[in-house]
Amino acid sequence: MPEKSVPMIPIVYGSTILPEGGDGLGQSFDPATGKVIAEFARAGERDVDLAVRAARRAFDQGPWSRMRPFERGRILQRIGELILERREDIARKECVDSGKPLRDAYWEVDCSARFFEFYGGASDKLQGRSIPLGPGWTDWTVKEPVGVSLHIIPWNYPFQLIARGVAPALASGCAVIIKPSAETPVTAYEFMKICQDAGLPEGQVNLVNGRGSVAGEMLARHPGVDQITFTGSVATGERVQIAAASHSVPCNMELGGKSPQILLADADLDRALPTILGGAFTHCGQVCNAGTRLLVERRIHDAVVERLHEAIGAMRLGAGIDDPDLGPLISLAHKHDVARFYDIAESEGALLLGAETPSAPELANGAFVRPALVVGADNTARIAREEIFGPVLTVIPFDTADEAVRMANDSPFGLVAGVHTRDIDTALSMAERLRVGQVWVNAFSVGLDVEFPFGGYKQSGFGREKGLEALAAYQQIKNVCIRHAVRD
Ligand code: NAD
């Protein structure tokens with residue numbers, strides 16, 4: 001039970017705000033302390049149906065889908081401005097709900113604002129094309145919104161992943177339903193308030209909290225939904241694909257990863273190692289594109305392991321709000337899942353460095369683990385192939401650049417990869433051969449990177465988020481073809 005009254009996160013559709021849903025109440029916990037920080041309404045079948053109807057009505061009757069595109073763009077830009085005005089409040093709430101360090105929460109809010117700036121600016125540039133068929137014919141294409149777009153969100157970047165999908169969907173003229181994770185429902189409601197204050201028409205964005213297996217599943221199967229953007233695990237993504245197939249709607253799948261970072265002996269280690277550590281341990285490794293497989297040229301392997309071991313030993317753990325190097329994992333249940341991989345690593349004959357449960361009394365009730373290195377594992381081992389979603393970096397040596405590329409590609413996933421080298425030919429040749437959606441060279445992140453496309457090969461998913469490419473998921477293309485007289 002909550003110690004005192006905590007905020008209540010409702011279901012919101014059209015002009016209705018429901019404080020309790022047909023599936024009762026859920027609770028959200030601060031993973032740093034285990035305390036309840038909010039309660040939320042969990043949607044049942046009737047709530048799901050009413051939310052889809054509200055979105056349907058908004059889409060079918062307008063005004064959004066019939067507004068001039070530049071007018072839509074202005075409202076999206078306004079959403080971006082309001083996100084920045086409320087930055088402090090949203091970031092602090094996100095920090096407590098998801099456990100991430102405060103600086104990551106600020107990044108999350110700033111990046112969310114960028115999505116609305118970027119797609120707000122794009123909304124009046126969604127042009128079709130004219131297709132030459134010869135005399136007597138006029139033919140053109142029009143991009144039309146796909147309809148009601150469902151966004152199923154994971155718990156690691158709850159606010160940013162709403163913005164990432166919802167901004168291009170709204171720019172395209174769609175109506176939206178958001179289904180946040182039951183672990184992190186808090187900031188989605190702040191997003192709803194911003195949409196309302198920015199003047200977004202009623203029912204254009206709807207919020208359905210609840211359990212994935214209940215509300216999520218019913219939404220994904222609902223015949224009133226026209227398109228699904230899912231971000232989450234491969235296993236759930238497969239269920240959602242089946243649900244989408246049950247009524248033949250398209251979906252975008254943004255799934256997991258086990259992304260390689262390739263470190264060549266000629267790299268500038270003083271630059272590369274902090275980048276590698278950031279790539280692996282940001283938000284306690286709970287990042288889809290975390291670079292959790294470090295492939296190191298054998299002749300620097302031992303020295304690199306030594307330096308990384310020293311660096312992770314110095315990492316400061318704490319509640320996200322104190323902006324530590326590492327916050328907690330999302331929950332005690334997830335801590336248990338991560339710890340299972342320590343046993344797997346050791347049973348596979350690898351050496352585990354770090355990974356202790358911290359002893360400090362102020363961390364005792366939180367889902368804290370110290371970061372870990374796994375050394376001596378083979379690329380075929382489970383510890384090198386499965387997504388752990390925790391602070392565990394597996395280090396594997398290689399002898400030649402070809403072997404490094406082969407190992408990098410020998411994975412069920414293909415989200416991103418990093419290459420660290422001073423040799424531009426090696427970097428470009430690796431970028432050509434890596435089977436991933438994005439290759440970083442001497443970097444692993446750029447910050448407020450909304451401009452370029454992001455998405456996976458193989459089991460990391462399909463479809464693209466971010467950049468102008470993301471708009472395609474929310475549009476259908478209509479072709480108009482006219483036959484007319486030809487006069488001299
Ligand atoms: P998850 O798959 O457990 O849940 C994701 C969402 O799906 C939640 O909202 C959940 O309630 C909902 N859900 C669960 N069962 C459902 C069902 N049967 N039908 C419909 N919806 C259902 O994932 P998670 O644990 O919240 O997030 C971690 C995973 O997300 C990791 O695998 C990570 O790699 C992935 N992720 C991917 C990206 C990306 O862009 N590729 C970004 C962030 C996270």
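In the predicted model, a backbone N or O atom of Gly212 lies 3.5 Å from an oxygen atom of the ligand. A second contact to a ligand oxygen involves a side chain: a polar atom of Thr236 is placed at 2.8 Å from an oxygen atom of the ligand. Leu255 contributes through its backbone, with a polar atom 2.7 Å from a nitrogen atom of the ligand. Of the 860 Å² of accessible area that the ligand has on its own, 89% is covered by the protein.

The shell around the ligand comprises 28 residues, and the closest of these are Ile153, Glu217, Ser233, Leu255 and Glu387. Sorted by class, the shell contains 12 nonpolar residues, 10 polar residues and six charged residues. The space that the ligand takes is the largest pocket.

Several secondary-structure elements take part in the binding shell. At least two shell residues come from each of the helices α5 (158-171), α7 (212-221) and α8 (234-246), and the strand β10 (227-231) likewise supplies at least two. The largest contribution is that of α7, which gives four residues to the shell. At the level of domains, shell residues are drawn both from domain 1, assigned to 8-255 + 464-477, and from domain 2, assigned to 260-449; the ligand therefore lies between the two domains.

Two features of the backbone geometry are also noted. The peptide bond that joins Gly62 to Pro63 is cis, and its omega is near 15 degrees. Pro63 is located in the loop that connects α1 (45-61) with α2 (69-85). The other feature concerns Ala355, which has a positive phi of about 75 degrees although this residue is not a glycine. Ala355 likewise belongs to a loop, in this case the one between the strands β14 (351-354) and β15 (372-375).

Conventions: Residues are numbered from 1 along each chain as its sequence is written. This is a predicted model: local features need pLDDT of at least 70, side-chain atom pairs count only at pLDDT 80 or more; totals for chains, interfaces and linings use all residues. Side-chain values use heavy atoms; hydrogens and water are left out. A residue is near a molecule or strand if one of its heavy atoms lies within 4 Å of it. A polar contact is a pair of N or O atoms within 3.5 Å; within protein, one must be able to donate a hydrogen and the other to accept it, and residues adjacent in sequence count only if both atoms are side-chain atoms. Accessible areas come from the Shrake-Rupley method with a 1.4 Å probe; for residues, only the protein chains shown count as cover. On a 1 Å grid over the protein atoms alone, a cavity is a set of points where a 1.4 Å probe fits but cannot get out, and a pocket is an open set with protein on both sides within 12 Å along at least five of seven lines; lining residues have an atom within 4 Å of a point. A molecule sits in a cavity or pocket if more than half of its atoms lie within 2 Å of its grid points. Ala, Val, Leu, Ile, Met, Phe, Trp, Tyr, Cys and Pro count as nonpolar, Asp, Glu, Lys and Arg as charged, and the others, Gly among them, as polar. Domain bounds come from an automatic or database domain assignment.
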